[in-house]
Amino acid sequence: MSDKSGLRDSASGMTRRRFLGSAAWTTGAIATGAGSWAIRPAWGAATGPIKVGIATDLTGAIGYAGNANANIAKLAMKEINAKGGILGRPIELYIEDTASNEATAVANVRKLIQRDKVDVVFGGITSSMRNAIKDVIVTRGRTLYIYPQLYEGKECTPYIFCTGPTPAQQCDEFIPWLMKNGGKRFALPSANYVWPHVLNQYARKVIEGNGGEVIFEEYYPLDQVEYSATVNKIMTNKVDVVFNTVIPPGVGPFFKQLYEAGFTKRGGRLSCVYYDENTLNINAPHEIEGLASCLDYFRAVTKDEPGSARIQAEYDKQFPGNIVFAAGSAATGMYRGLKLWQAAVTEARSVDREAVAKALDHAKISEGPGGPAEMVPGKRHCKMRMYTAVAKQGTYDIVARSKGLVDPKEC
Amino acid sequence: MMPARALEGLLLVVFALLPLALQPFWVIFVTRVLILALLALSFDLVWGFAGIMSFGQALFFGAAGYVVALLARDAGVTSVFVVLPAALAVGLALAFLVASFLLLGRHPPSITFVALGTLTGSYAGDRLARGWYYLGGQNGIPSIPPMTAGPAQVSEGVTYYYLALAFLIAVYAACRFLVGSQFGLALAGIRINEARMAFFGYSVQLLKAVVFSVAGAIAGIAGGLYAFHEGFVWPNMLGVILSTQIVLYALFGGVGTLIGAVIGVIAIEIVSFVLADAYPTVWPVILGVLLLVVILFRPSGLISLFVPRRIPGEVDGAA
């Protein structure tokens, strides 16, 4: 009954059905649905497939990001299986929805660990999500966990490996560039949650270390959408660079008001390190013309990075539509993480947690979104190339790229 | 169709024997359901029996969760004999505080006032937790160590299951006793005609404040159990979304019956589980439609499928 792409009914699905049939009459109609969400490889092996759990926000506020994560994981799975799998075993994805809701997430991640008994879990996008599910995976579940999103750093729990950019990676090269291409007077308008606080702490150090000055660092409620006071402060204090960590929904109106006040016209530089191809559409292109961002990948990188071009082309072919492959929402970290883990399992010749963690500690890949990447031994964070891009008429232009791999400086 | 008592007995036997038949994963799943059932009970007590529309039960649940998480994180206290009484006390005290503000004013408050007041409390708690870095801000408090009983760990699984079940049975029995007592009859009177009860000389608002505080204490116990079971607390645990979910649990199962709240939790959690598996990208929408359909066409909840008529001596649903 299972076709090549492999949505299926399994033995575990049947017991679940039976349980439900007897317990809840309401589910009768529903249980005849699509079956459980496991994506089986087309072939098996003597030892059975390697089970990979993906826990991501398929629904809820950041569903667009979670779906991109699930898509890229499916793409990586196909690639790996097409080349014979890992250690001669195919990999099999178990995708669970964390629903942008931590309570639901814990229940769903338990399915991966306790019911499906996966060998590794990838996922989580926000830091609060990582915090919610990490215990279930790592401490109670004794399973390896790979976290793919750019974040504030400081996650140093053993058996958690981070494959997205850290504050050091997003600031060390970017802030000097901003000073050269903007000025020395910085404003740090921010949303009031953990990531901006920790990122700004680091950014301030780099700004001041390079002879710049922070004019103000302010935190606003997450749902604030009126920023005229902030804009006024930026204009009257002759700020050169706005290093923004205000997030949607506030960021749209903020950038619009800043544009209307004439900030960019008088030569001000707008910057925001989570801005990728998704967030680019929040404002009209002319309102954010010249916005600078620094990430591990932009679509524009594909012009002269053949590895990235291949992944991007493959993604666009398999998943046309509006769920795009972008760095700000963990999709690049997801691909990088899967490949690093593949390298580690291959070296360890086993999926045992200890062995894989030991190999993953120094794993390297020569090709990934944005180029090669390698884990920093003992740090469980990932060195990668970083790119500085500027928004130009609704797309990005790469204006600077790191010389080599940038150190995450964590743990 | 069966009488409510038979339904209660059946559920009791099923829950008592369930771990023998289930794999560990399911035991943990059902433990969570039991804890949420406690929470739904606390709402049914105030709305179904005293007619107080509490849109803020999550406040007491979450506050107790945060307090036990802090006890575990900062004071290293994880003993079940300390943390659960502490959770109960936090729920009780906070609910009494809210009740004295909302209910014990000079004029008797309207249902809308209390509903919005409790909703505001829940919202304020959520915002406070998000902005307060001692509480971990947006990220909450992760990695709460396991609960202990003397030298032994009460870890998730069969032990925790029976702990939660014991609390659920005890609280359920206490609620049953409470609503059947003179106090419960007075509450029913208040719900049906408050002015007349006041005329009879009952201190109506005080009775309401008492039942509201008791319900707060129950939500507190649930919060303490939940925090240790899930291993983390986060701002949404205090917030409006969970508060609303609690109302849905009770409405879905049937309010004013106690057992209905428990059935509501079981049904919603199982349906969510199946839907999330079968339709990972649209399941919340399907769940929403399903809830709407049941509440529209079965206003007295799922319980009305099992129990045909009003039970003698029992009070009816959301009048």
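**Entry 1. Chain A overall**

I began with the contacts in chain A that have a separation of 6 or more: residues 24 or more positions apart account for 71% of them. I keep in mind that this is a predicted model. I then looked up burial and found that 54% of the 411 residues in chain A are buried. For secondary structure I noted twelve helices and 16 strands in chain A.

**Entry 2. Domains of chain A**

I looked up the division of chain A next. Domain 1 takes in 37-165 + 312-380. Domain 2 takes in 168-295 + 387-401. Taken over C-alpha atoms, the centres of domain 1 and domain 2 of chain A are 30 Å apart. I checked what each domain gives to the contact: 14 residues come from domain 1 of chain A and 14 residues from domain 2 of chain A. On the side of domain 1 of chain A that touches domain 2 of chain A, I noted seven nonpolar, five polar and two charged residues.

**Entry 3. Phe186(A)**

I picked Phe186(A) and placed it in strand β7 (residues 185-191) of chain A. Is Phe186(A) buried or exposed? I found 27 C-beta neighbours inside 10 Å, and 20 or more make a residue buried, so Phe186(A) counts as buried.

Which residues does Phe186(A) touch, leaving out those up to four places away in sequence? I listed Ile207(A), Gly212(A), Glu213(A), Val214(A), Ile215(A), Val241(A) and Phe243(A). I also looked at Arg204(A), 18 residues from Phe186(A) along the chain. The C-alpha atoms of this pair are separated by 9.0 Å.

**Entry 4. Strands β4(A) and β5(A)**

I turned to strand β5 (residues 144-147) of chain A. Its side chains go two ways: Leu144(A) and Ile146(A) point one way, Tyr145(A) and Tyr147(A) the other. All four are buried. I recalled the general pattern: in a regular strand the side chains alternate between the two faces of the sheet.

Strand β4 (residues 120-123) of chain A pairs with β5(A) in the parallel sense, over three bridges. I looked for the partner of Phe122(A) in β5(A) and found Ile146(A).

**Entry 5. A three-strand sheet in chain A**

I traced an open sheet of three strands in chain A, in the order β12-β13-β14, with antiparallel pairing. Which strands stand at the edges? They are β12 (364-365) and β14 (382-384) of chain A. Each has a single partner strand, so one side of each is left without a neighbour in the sheet.

I then checked β12(A) against strand β13 (residues 373-375) of chain A, and found antiparallel pairing over two bridges. In β13(A), Glu374(A) is the bridge partner of Lys364(A).

**Entry 6. A helix pair in chain B**

I moved to chain B and looked at helix α3 (residues 57-74) and helix α5 (residues 111-131). Their axes come within 9 Å and cross at roughly 30°. Angles under 35 degrees count as roughly parallel, so α3(B) is roughly parallel to α5(B).

From α3(B), the contact uses Ala58(B), Leu59(B), Gly62(B), Ala63(B) and Tyr66(B). From α5(B), I noted Gly121(B), Ser122(B), Gly125(B) and Ala129(B). By class, I have five nonpolar, four polar and no charged residues in this contact.

**Entry 7. Chain B against chain A**

Last, I looked up the contact between the chains. Chain B gives 30 residues and chain A gives 37 residues. On the side of chain B that touches chain A, the elements giving two or more residues are α2 (24-49), α11 (259-278) and α12 (283-297) of chain B. Which element gives the most to this side? I found α11(B), with eight residues. The residues on this side of chain B divide into 17 nonpolar, nine polar and four charged.

Notes. Residues are numbered from 1 along each chain as its sequence is written. Chains are lettered from A and ligands numbered from 1 in the order in which they are written. This is a predicted model: local features need pLDDT of at least 70, side-chain atom pairs count only at pLDDT 80 or more; totals for chains, interfaces and linings use all residues. Axes are lines fitted to C-alpha atoms, for helices over the stretch in contact, and angles run from 0 to 180 degrees between N-to-C directions. Angles under 35 degrees count as roughly parallel, over 145 as roughly antiparallel, 65 to 115 as roughly perpendicular and the rest as oblique. Two residues are in contact if their C-beta atoms, placed from the backbone, lie within 7 Å. Ala, Val, Leu, Ile, Met, Phe, Trp, Tyr, Cys and Pro count as nonpolar, Asp, Glu, Lys and Arg as charged, and the others, Gly among them, as polar. Domain bounds come from an automatic or database domain assignment. A residue is buried if 20 or more other C-beta atoms lie within 10 Å of its own, exposed if 12 or fewer, and partly exposed in between; C-beta atoms are placed from the backbone. Two strands pair if DSSP finds at least two bridges between them.
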